[in-house]
Amino acid sequence: MLDYHVFHWANELAARHDSFEDPLKAYVQASEVIFALGLVALFLAGPRLRRAAVAAGLSAGVALIVAHFLAAAIDRHRPFVDHPLAHNFLAHASDPGFPS
């Protein structure tokens, strides 16, 4: 039930404030590249930060693997699938999305 309330609040915020959507869309579309560039910058910054970059990269990889298996094990629809009248400002697959 808490998921629905959070979803409903975020959905209403996005529907009422168009200026909120545009920067968020830009960030979502560029976030993976920003993360990768950040890892490269850390890796090139020196030996101590190189270890931080490797740790961050490995942590992200482990998180993606865990999320993959959790999504396969827990068949839970994303909120916009259960509530088709929602204001979707980002295109997204309707696959099960428990970790999201």
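Let me begin with pLDDT, which is the predictor's confidence in each residue, on a scale from 0 to 100. What we have here is a predicted model, in which local features need pLDDT of at least 70 and side-chain atom pairs count only at pLDDT 80 or more, while totals for chains, interfaces and linings use all residues. Residues are numbered from 1 along each chain as its sequence is written, and side-chain values use heavy atoms, with hydrogens and water left out.

For the protein, the mean pLDDT is 82, and 83% of the residues reach 70 or more. Confidence is highest in helix H3, at a mean of 92, and lowest in helix H4, residues 79-82, at 70. Where pLDDT is low, the predicted coordinates should not be read in detail.

Turning to the fold, the protein has 4 helices and 0 strands, where helices (H or I, at least four residues) and strands (E, at least two) are DSSP runs numbered from the N terminus. Along the sequence this reads as α-α-α-α. Of the 100 residues, 13% are buried, where buried means under 20% relative accessible area, exposed means over 50%, and partly exposed lies in between, with a 1.4 Å probe and protein chains only.

Now to the surface, where Val40, Phe43, Leu44, Val54 and Leu58 make a nonpolar patch of about 480 Å². Helix H2 (18-44) and helix H3 (47-73) are the elements that give two or more residues to this patch, and H2 gives the most, with 3 residues. Patches are made of residues with over 30% relative accessible area and no salt bridge, with like charges joined within 9 Å and nonpolar side chains (Val, Leu, Ile, Met, Phe, Trp, Tyr) within 5 Å; a salt bridge is a side-chain nitrogen of Lys or Arg within 4 Å of a carboxyl oxygen of Asp or Glu. Areas come from the Shrake-Rupley method with a 1.4 Å probe, and for residues only the protein chains shown count as cover.

Why does Phe43 count as partly exposed? Phe43, which sits in helix H2, counts as partly exposed because its relative accessibility is 37%.

Phe35 also has its place in helix H2, and is partly exposed at 43%. Leaving aside neighbours within four places in sequence, Phe35 is in contact (heavy atoms within 4.5 Å) with Ala56 and Ala60.
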